[in-house]
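Please look through the structure below before reading on. The paragraphs after it go from the surface to the chain as a whole, and then to single residues.

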Amino acid sequence: SAAGQLNLSWQDNADENGASADDILFVTVYNPVKGTAVVSINAAQRSAGSLTLNLPSGYSGDAVHCYAGFFGVRVLLGTATRNVVSDSMYAGPVTVA
C-alpha cells in the first residue's frame with residue numbers, strides 16, 4: 001500500500017441470507033490518535049471483493065479502527081427499508097501504510 005492507503009478485502013457471499021452481488025459497501029475508519037474518522041458510504045460493490053481506501057496522508061503509521069457493512073442498492077435509490085442493510089462488522093485495528 002502507498003502512504004495513507006488501507007486495503008480491505010472480503011468474501012463475496014452474494015445470494016446468501018439475502019445478500020446480492022450489487023450490494024454497496026460502507027466503511028468507517030476511526031483514528032483515535034487524531035480523534036477523527038473517514039466515512040465512505042458508496043465504497044465498492046460486494047462482488048468486487050476488495051477495496052483500496054485513500055485516507056488522509058496524516059493517518060500514515062497510525063493504528064485505526066475499521067467498521068464495515070453492506071446495504072442494498074435500493075437504499076441509494078430511496079426505495080428500501082431497513083431490512084436491506086447488514087449489521088456492521090468490526091474489521092479490527094489496522095496500522096495505515
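A nonpolar patch, as the word is used here, is made of residues with over 30% relative accessible area and no salt bridge, with nonpolar side chains joined within 5 Å. In this predicted model, Tyr30, Tyr67 and Tyr90 make such a patch, with an area of about 290 Å². One of these residues, Tyr90, belongs to strand E6, which covers residues 89-95. Tyr90 has a relative accessibility of 41%. Buried means under 20% and exposed means over 50%, so Tyr90 at 41% counts as partly exposed. The accessible surface of the chain comes to about 5700 Å², and carbon and sulfur atoms supply 50% of that area.

Next comes the overall layout. The chain contains six strands and one helix. Read from the N terminus, the order of elements is β-β-β-β-β-α-β. Of the 97 residues in the chain, 34% are buried. Taking contacts between residues at least 6 apart in sequence, 65% join residues at least 24 apart.

How far can the coordinates be trusted? Where pLDDT is low, the predicted coordinates should not be read in detail. The average pLDDT of the chain is 89, and 90% of the residues score at least 70. Confidence is highest in strand E2, with a mean of 96, and lowest in helix H1 (residues 73-77), with a mean of 70.

Strand E2 holds Asn31. Is this residue buried or exposed? Asn31 has 0% relative accessibility and therefore counts as buried. The side chain of Asn31 makes a polar contact, at 3.0 Å, with the side chain of Asp62. Asp62 is also among the residues that Asn31 touches when those up to four places away in sequence are not counted; the others are Thr36, Tyr59, Ala63 and Val64.

A second asparagine, Asn17, sits in the loop between strand E1 (5-9) and strand E2 (24-31). Asn17 has a relative accessible area of 84%, so this residue is exposed. The backbone of Asn17 has a phi near 50 degrees, which is a positive value in a residue other than glycine.

Arg46 is also a loop residue, placed between strand E3 (36-45) and strand E4 (50-54). The relative accessible area of Arg46 is 7%, so Arg46 is buried despite being an arginine in a loop. What does the side chain of Arg46 reach? The partner is the backbone oxygen of Ser20, at 3.3 Å. Not counting residues up to four places away in sequence, Arg46 touches Trp10, Asp12, Asn13, Ala14, Ala19, Ser20, Ala21, Asp23 and Phe70.

The last residue to consider is Gly69, in strand E5 (residues 63-71). With a relative accessible area of 4%, Gly69 falls under the 20% limit and is therefore buried. Which residues are in contact with Gly69, leaving aside its neighbours within four places in sequence? They are Ile24, Leu25 and Phe26, together with Ser86, Asp87 and Ser88. For Phe26, the C-alpha atom is separated from that of Gly69 by 5.5 Å, although the two residues are 43 residues apart along the chain.

Methods: Residues are numbered from 1 along each chain as its sequence is written. This is a predicted model: local features need pLDDT of at least 70, side-chain atom pairs count only at pLDDT 80 or more; totals for chains, interfaces and linings use all residues. Side-chain values use heavy atoms; hydrogens and water are left out. Helices (H or I, at least four residues) and strands (E, at least two) are DSSP runs, numbered from the N terminus. Buried means under 20% relative accessible area, exposed over 50%, partly exposed in between (1.4 Å probe, protein chains only). Contact means heavy atoms within 4.5 Å. Accessible areas come from the Shrake-Rupley method with a 1.4 Å probe; for residues, only the protein chains shown count as cover. Patches are made of residues with over 30% relative accessible area and no salt bridge: like charges are joined within 9 Å, nonpolar side chains (Val, Leu, Ile, Met, Phe, Trp, Tyr) within 5 Å. A salt bridge is a side-chain nitrogen of Lys or Arg within 4 Å of a carboxyl oxygen of Asp or Glu. A polar contact is a pair of N or O atoms within 3.5 Å; within protein, one must be able to donate a hydrogen and the other to accept it, and residues adjacent in sequence count only if both atoms are side-chain atoms. pLDDT is the predictor's confidence in each residue, from 0 to 100.
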